[in-house]
Amino acid sequence: MNLNVEQVKLVDQMAKARQDFPILQEEVNGQPLIYLDNGATSQKPEAVIDRISNFYRNENANINRGVHTLGNRATTAFENARLSVQDFINAREAKEIIFTSGTTESLNWIAAGWAKSILQPGDVILLTRIEHHANFVPWQEVAKVTGATLKFLPLTASGRVDVDQVEKNLQPEHKIMAVNHVSNVLGEENPIQDLADLIHANDGFLVVDGAQAVPHLPVDVQALGADFYAFSSHKMIGPTGFGVLYGKRKLLEDLQPQNYGGEMITQVLDYESRYADLPYRLEGGTPHIAGAVGTHAAIDYLKDLGMVNIQAYEQLLVDYVLPKLKAIEGVTVYGNPDHRSSALFSFNIEGVHPHDVATAFDQLGIAVRAGHHCAQPLMREFDIQSSVRASFYFYNTLEEADRFLEAIEEIKEFFGHGTI
Ligand code: C6P
């Protein structure tokens with residue numbers, strides 16, 4: 001592949017960034033680690049690891065409680081993290097950023113804390129069959145208790161929501177649309193802005209699962225028009241167990257707290273209590289303070305690198321890998337044959353079980369994921385049980401891409417593909 005000057009600059013920038021990730025120097029099964037399971041979780045740079053370690057060394061205390069110096073340091077660090085998230089996704093106010101344990105918790109809170117109280121029997125929740133279970137199962141539960149029903153949005157051949165079909169088929173009872181921004185199996189971006197416009201014109205609401213988007217593309221929740229937007233820190237080089245629930249202020253004010261207890265009240269009387277304002281009303285209990293400061297460090301790192309650069313570099317990886325992967329005999333690649341919004345590829349090798357493929361990759365030092373990827377409805381659409389998924393991030397190199405492609409040929413040969 002001939003790279004232009006801009007691309008050479010990008011490759012150099014990302015190669016330099018790669019040096020910041022200590023785990024990428026590891027060997028696995030006697031081979032240099034090639035980590036291609038970033039869709040599951042990303043690796044962490046020194047800056048994030050050090051920030052978390054420094055927090056515990058120098059600032060650790062509970063927040064919003066003590067008047068002592070450490071308590072103030074921890075509270076400031078925690079609230080600065082909120083400001084950095086607000087800025088990163090361009091939320092209108094810091095109050096619209098609620099800290100949770102991750103995308104799963106965010107989506108469950110939206111479903112159980114807000115949707116449950118606005119839905120009535122006969123209302124419809126619109127989902128897709130390309131959702132992760134985290135944006136699927138909570139809606140099934142809400143449908144059960146409210147009498148609302150679930151319906152599935154039409155998809156284009158390349159695996160995005162089909163806006164034209166949606167426009168033609170929206171009905172007044174279609175109250176909530178819950179879709180992913182980028183699919184964790186297909187790597188394709190959904191037309192969120194268009195969907196927001198359509199559902200708003202229908203007096204409905206849009207909930208977006210951004211778990212696979214925020215790490216890979218610039219996200220502006222105001223421009224997207226999402227009413228709620230959920231994501232996890234661990235997929236964007238931050239710590240595990242920490243995530244974000246963004247919501248428009250008016251809607252968050254209607255969201256029922258899911259954790260009652262300390263931190264979220266202003267007054268507790270014998271038989272009832274008064275609750276604090278946003279965002280604290282929704283953040284009962286001691287939060288994952290180190291998670292917040294680690295996320296702040298992750299955001300600083302990503303902003304320094306530039307989300308636009310990360311996106312452009314991933315496109316370069318897509319342009320490099322996708323045609324070659326498709327051309328390998330016996331390999332079926334799922335999703336858009338020509339495009340990906342992030343460098344994520346789900347595929348199968350004819351006649352070899354995906355778990356065997358992933359195990360063989362591991363023997364070669366290459367980490368990929370095999371399974372249903374928490375997307376069983378999508379697996380059914382493809383009429384498969386599972387697939388292999390290689391998900392790249394900005395610290396993966398073109399040389400690693402070559403090694404990954406070569407390894408597929410070796411794995412095919414090992415399992416005797418094409419022999420009888
Ligand atoms: N997908 C994957 O390997 P949590 O676990 O709460 O941080 O994120 C859940 C989630 C929600 N939506 C999407 C689109 C996701 O990809 C994920 C997590 C991982 O694909 C683990 S199953």
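Two strands count as paired if DSSP finds at least two bridges between them. The exercises below apply this to a predicted model.

**Exercise 1.** In which sense do strand 4 and strand 10 pair, and over how many bridges?

Solution.
- Step 1. Look up the bridges: strand 4 and strand 10 are joined by four of them.
- Step 2. Compare with the cut-off of at least two bridges. The two strands pair, and the sense is antiparallel.
- Step 3. Find one position on the ladder: I97 lies opposite Y246 of strand 10.

**Exercise 2.** Find the strand on the other side of strand 10, and name residues that face each other there.

Solution.
- Step 1. Strand 9 (residues 228–232) pairs with strand 10 (residues 243–247) through five bridges, in the antiparallel sense.
- Step 2. Y229 stands opposite Y246, and F231 has V244 as its bridge partner.
- Step 3. Join this with Exercise 1: Y246 faces I97 and also Y229.

**Exercise 3.** Is strand 10 enclosed or open to the outside?

Solution.
- Step 1. Recall the general rule: in a regular strand, side chains alternate between the two faces of the sheet.
- Step 2. Sort the residues by face. One side has G243, L245 and G247, the other has V244 and Y246, and all of these are buried.
- Step 3. Buried means under 20% relative accessible area. Because five of the five residues of strand 10 are buried, the strand is largely enclosed by the rest of the structure.

**Exercise 4.** Place strand 10 in its sheet and describe what packs on that sheet.

Solution.
- Step 1. The sheet is open, has seven strands in the order 4-10-9-8-7-5-6, and its pairing is mixed.
- Step 2. Strand 4 (97–100) and strand 6 (149–152) are at the edges; each has a single partner strand, so one side of each lacks a neighbour in the sheet.
- Step 3. On average, neighbouring strands are turned by 20° against each other, direction ignored.
- Step 4. Helix 5 (residues 137–146) packs on this sheet and touches strand 5 (124–127), strand 6, strand 7 (174–180) and strand 8 (205–209). The direction of helix 5 makes about 170° with that of strand 5.

**Exercise 5.** Describe the sheet that contains strand 13, and the helices in contact with it.

Solution.
- Step 1. This open sheet has four strands in the order 13-14-17-16, with antiparallel pairing.
- Step 2. Strand 13 (331–334) and strand 16 (369–371) each have a single partner strand, so one side of each is left without a neighbour in the sheet.
- Step 3. Strand 13 and strand 14 (residues 344–349) run antiparallel and are joined by four bridges; T332 has N348 as its partner in strand 14.
- Step 4. Helix 11 (residues 307–327) packs on the sheet, touching strand 13 and strand 14, and its direction makes about 10° with that of strand 14.
- Step 5. Helix 14 lies across strand 13, strand 14 and strand 17 (387–391), at about 15° to strand 14.

**Exercise 6.** How do helix 12 and helix 14 cross, and which residues make the contact?

Solution.
- Step 1. The axes of helix 12 (residues 354–363) and helix 14 (residues 398–414) come within 10 Å and cross at roughly 120°.
- Step 2. The two helices are therefore oblique to each other, and their crossing is right-handed.
- Step 3. Helix 12 contributes V357, A360 and F361, while helix 14 contributes F404, A407, I408 and I411.
- Step 4. Classified by type, these contact residues are seven nonpolar, no polar and no charged.

Notes:
Residues are numbered from 1 along each chain as its sequence is written. This is a predicted model: local features need pLDDT of at least 70, side-chain atom pairs count only at pLDDT 80 or more; totals for chains, interfaces and linings use all residues. Side-chain values use heavy atoms; hydrogens and water are left out. Axes are lines fitted to C-alpha atoms, for helices over the stretch in contact, and angles run from 0 to 180 degrees between N-to-C directions. Contact means heavy atoms within 4.5 Å. Angles under 35 degrees count as roughly parallel, over 145 as roughly antiparallel, 65 to 115 as roughly perpendicular and the rest as oblique. A crossing is left-handed if the near helix is turned anticlockwise from the far one by less than a right angle, and right-handed if clockwise. Ala, Val, Leu, Ile, Met, Phe, Trp, Tyr, Cys and Pro count as nonpolar, Asp, Glu, Lys and Arg as charged, and the others, Gly among them, as polar. Buried means under 20% relative accessible area, exposed over 50%, partly exposed in between (1.4 Å probe, protein chains only).
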